[in-house]
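Trainee: Hi! Could you walk me through this structure?
Mentor: Happy to; have a look at it here.

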Amino acid sequence: MLGLTDPTVIEFDVRTDEMLVNMGPQHPSTHGVLRLVLRTDGEIISEVTPHMGYLHRCAEKVGENVTPIQFIPYTDRMDYLAGMNMNLGYSLAVEKLCGMKVPEKADVIRVIICELNRVASHLVAMGTYGLDLGTFSPFLYAFREREMILDLLEEVCGARLTYSYITIGGVHDDLPAGWTDKCRKFIDYFRPRVAEYHTLLTTNHIFVKRTAGIGVMSKELALSHACSGPMLRGSLDKSKGDHAWDLRKIEPYCGYENYEFDAIIPPFDNKPDGSVIGDCWHRYFVRMLEVLESLKLVEQGLEKYRTAQGSHRIEPPRHLHPGEAYVETECPRGAMGFYVVGRPGKEPVPLRVRAKSSCFNNLSVTDAICRGCLIADIPAIVGSIDIVMGEIDR
Amino acid sequence: MSDILDAKFGDRIKAKFADGVVVEAGDLVEVMTYLRDAPDLKFEMLCDISGVDYLEIDPKKAAKAGYEPHLEVVYHLQSFQYKKRFTVKVMLPRQVEGGGLPAVPTLSGVFKIADWLERETFDLVGIDFTGHPNLQRILLSEDWEGHPLRKDYEFPLEYHGIRGR
């Protein structure tokens, strides 16, 4: 009863004990239902244990029971911020298994649509990252522009979030009449806005203070954890001879080899003081520059669309081929892989569908990069990983 | 690439296919470490581990299936330097005598991502990774029974008072 009777004793008895702090799954800054159990000593993190599975639907099991065309809508619901890219990954895997070659026009539409979706996704990443760090306005600006992209996509396929537009053998419908002009108008409107975001967020003093030099991840760590996308590219260094790890460049699909664009990797000339390669700021800035590259791709795609040959879709085969196919595509959050195993004989349903989530791999690095930082840095680091729980839990 | 492995491991490589090999579970860690470190291979990235359950439930189809019931663990590797992909497979029996799950040695000492990917494969496909530091369910809850991606998995009718169907 010593501490209770004499308050001065308590004061002397204050120790910084190890404490377990539960963050999430309903925490606003964990981007969905992610639960982090933090082992802290005072404000310093000594261990982070992510717990996930709150959104698990066992989509892979569903994939073993339905035909590939029926599975397309389930892929939307994995990474719901980039549904088009998810559709594309699964379609490419099935097409590779069946040895299909889609027409040029379908490829061009796929590139246009996926890059628009990538812009929309990166806008959410940028806006919510601002929210995590306590600034509200970039979110509103980002969503204003994202809304226009969603309107464009809605006109193409009728849905705003779960598109199921890209399908096996091409895309579901051709682009509607007059759509390309609207898309061009949007790009002309949008391009100057990116510069606005930079003045609003990228160079903001508080933002820089909270992201520069925080959560530094080395290239070796990123490779060992199989990180991909902006997460990995933010840790590379061109001046040390690293080439850009972008699947659109190194394993081009959908004719990406015919487009002119740069895969973004550091170093950046305008990096703020205190920022080092591999920190939160670099991951964020890689995304922002990728938005501009995606706009370039959309413009070139619209140009190619005018002369593209063939139909927007070919008939998919009635049954799958035996064998297996593994395809990775560059989604906004990283390399999303689909592994499809066909059954022997003439079966329409695959034996195994595996969706390898990029966020899952990216999230696994959290513990390694959070150790030794402050509790207040956790939203900054987890936000910079840019996770979507639908994709991690599947 | 499989020729380089052939020269090194000889008949410990059980089978070869396009950009991939099949190895015994006992040789897995050695082969993977070699694939990661050999200067002319450099497969530094373990993209994915998937377990595949080759089993045909329908007895009519099983006769024509063309494979004996077995499990496969498929490792997808990627080389950062040479821009190549490679697949390593391990074949396992579906059932182990005396109960328990079929086992593969863990790769968590070779690739850090293997920690989580193996937990997921254990959770959903039911493969034991011997030597894993923390082999617990990752997506399903800790008290879940069975491994859903097995073909003979039976859907639970009830979970903590929630009706299944």
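Mentor: We can talk about how the chains meet, and then about one helix.
Mentor: This is a predicted model, where local features need pLDDT of at least 70, side-chain atom pairs count only at pLDDT 80 or more, and totals for chains, interfaces and linings use all residues. Residues are numbered from 1 along each chain as its sequence is written, chains are lettered from A in the order in which they are written, and side-chain values use heavy atoms, leaving out hydrogens and water.

Trainee: How many residues of chain B are in contact with chain A?
Mentor: There are 41, in contact with 41 residues of chain A; contact means heavy atoms within 4.5 Å.

Trainee: And which residues in chain B lose the most area to chain A?
Mentor: B:Phe80, B:Trp116 and B:Leu139, together 21% of what that side buries. Area here is accessible area (1.4 Å probe) lost on putting two parts together, summed over both.

Trainee: How many salt bridges does the rule find across the interface?
Mentor: Eight, counting a side-chain nitrogen of Lys or Arg within 4 Å of a carboxyl oxygen of Asp or Glu. One pairs B:Glu56 with A:Arg343, at 3.2 Å from N to O.

Trainee: New topic: is H13(A) mostly covered or exposed?
Mentor: Mostly covered, with 20 of its 28 residues buried, meaning under 20% relative accessible area (1.4 Å probe, protein chains only). Helices are DSSP runs of H or I, at least four residues, numbered from the N terminus.

Trainee: What span should helix H13 of chain A have?
Mentor: 40 Å, because its 28 residues (280–307) count 1.5 Å each, taken times one less than the number of residues. The end C-alpha atoms are 42 Å apart, which agrees.

Notes
Helices (H or I, at least four residues) and strands (E, at least two) are DSSP runs, numbered from the N terminus. Buried means under 20% relative accessible area, exposed over 50%, partly exposed in between (1.4 Å probe, protein chains only).
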